[in-house]
Amino acid sequence: MFFQITKAATPLTGCRRQLILRSLSSSTNNIQIEVDNKTGFATVSMNRPPVNLLNLELINSLTRSMKEMEQNKSRGIILTSTSNSVFSGGLDIKELYRPDVQRLREFWTAFQDMWLAWYGSAVPTAALINGHSPAGGCVLATCCEYRVMLPKFTIGLNEAKFGLVPPPVVRISFKNVLPLRIAELALCQGKLFTSNDALNIGLIDELAKTKEEGYEKCVKFLQTFRKVDPVARSLTKQQFRGKDLDDLRKGKQKDLNDFVEHVTQDDIQMRLGLYLEQLHNRKKK
Ligand SMILES: CCCCCCC/C=C/C(=O)SCCNC(=O)CCNC(=O)[C@H](O)C(C)(C)COP(=O)(O)OP(=O)(O)OC[C@H]1O[C@@H](n2cnc3c(N)ncnc32)[C@H](O)[C@@H]1OP(=O)(O)O
């Protein structure tokens, strides 16, 4: 069994009683799932301190939790993080730097599967972006159908800034949310948007002052589907996203080979090494 179920009060609403499902599959317990008994909505919280970097294990947990939620016929999912300042810091660059090629292949295959699961989810999804959300964090948020963000954080696809060319799946979920011209410029500039700017361009749907307010806004969004037939809803969503999903399913092997070839180039490895060093030394200046 993937989850153990225990009862507890919710950290989000304080009083509403919820079921907490804890991941047993991973020794790191990198995901927490809470189901609100009243609404039937599940809150999936990334829990990999300090900054929820997407390593192989967290990516696999995200995919498994989505599959579990679909099997349980969850009525809606809110994706957030247990951190107070970071939704997700994006891919764990240590997975890409001086990699074991076998693990790198496994890593990217897992990322593809996570994208397929979250972008194509049969269950309605909302992201409660309660902190910074660069690169892979932004990809995850834009896989969801609705985004509520707390103020004074940043979100965007900054890969170009440190020399990575975003692969198709990274572009697609961004393009699905933003007008093409804004998406193209932002990707080419490697731009990170403040919460306010993200709202102005449509990268997020709403701002919320606190996590609790953000949670209520996500709930309100998910409740808009209450009177809609779930099968009709899901098939309609597939009509919008089906081609993107099929393109990746059919092109998975090529996408994987392109990714490995790109990441293992000497020039890219040098840039990744420099970026890791820069991140590590950031606070010492
Ligand atoms: C075809 C090839 C391309 C594939 C691309 C696929 C698309 C996705 C790409 C990515 O996601 S690449 C990752 C992009 N992410 C970033 O650029 C974010 C960088 N990090 C930050 O800006 C900040 O860390 C933060 C997220 C805003 C959080 O700031 P905070 O002050 O709270 O924490 P820090 O002290 O900065 O970080 C803590 C700790 O974590 C290390 N670290 C941070 N980000 C990464 C990372 N992405 N990969 C690896 N390590 C990271 C940081 O160095 C600190 O570690 P120590 O130095 O203390 O050991």
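This short presentation covers the ligand site and the two largest pockets of the structure above.

Let me begin with the basis of the values. The model is predicted, so to speak of local features requires pLDDT of at least 70 and side-chain atom pairs count only at pLDDT 80 or more, while totals for chains, interfaces and linings use all residues. Residues are numbered from 1 along each chain as its sequence is written, and side-chain values use heavy atoms, with hydrogens and water left out.

I turn to the ligand. Its shell holds 31 residues, where a residue is near a molecule if one of its heavy atoms lies within 4 Å of it. The closest are Leu91, Tyr275, His280, Arg282 and Lys283. By class, the shell comprises 19 nonpolar, seven polar and five charged residues; here Ala, Val, Leu, Ile, Met, Phe, Trp, Tyr, Cys and Pro count as nonpolar, Asp, Glu, Lys and Arg as charged, and the others, Gly among them, as polar. Two helices, α8 (230-263) and α9 (266-281), each contribute at least two shell residues, and α9 gives the most, with four. Helices are DSSP runs of H or I with at least four residues, numbered from the N terminus.

Which residues make polar contacts, meaning pairs of N or O atoms within 3.5 Å? A polar side-chain atom of Arg282 is 2.8 Å from a ligand oxygen. A ligand nitrogen lies 2.9 Å from a polar backbone atom of Ile93, and a ligand oxygen lies 3.0 Å from a side-chain N or O atom of Asn158. On its own the ligand has 1100 Å² of accessible area, and the protein covers 82% of this, by the Shrake-Rupley method with a 1.4 Å probe.

The ligand sits in the largest pocket, in that more than half of its atoms lie within 2 Å of the pocket's grid points. A pocket is an open set of points on a 1 Å grid over the protein atoms alone, where a 1.4 Å probe fits, with protein on both sides within 12 Å along at least five of seven lines; lining residues have an atom within 4 Å of a point. This pocket has a volume of about 1200 Å³, the space filled by probe spheres set on the points. Of its 42 lining residues, Gly89, Leu91, Ile93, Tyr275 and Leu279 lie nearest the centre.

Finally, the second largest pocket holds about 370 Å³. Its lining has 17 residues, with Ser74, Arg75, Ala122, Pro124 and Pro230 nearest the centre. Here α8 gives the most, with four residues.

Technical notes
Polar contact = N/O pair within 3.5 Å; in protein donor to acceptor, adjacent residues only side chain to side chain.
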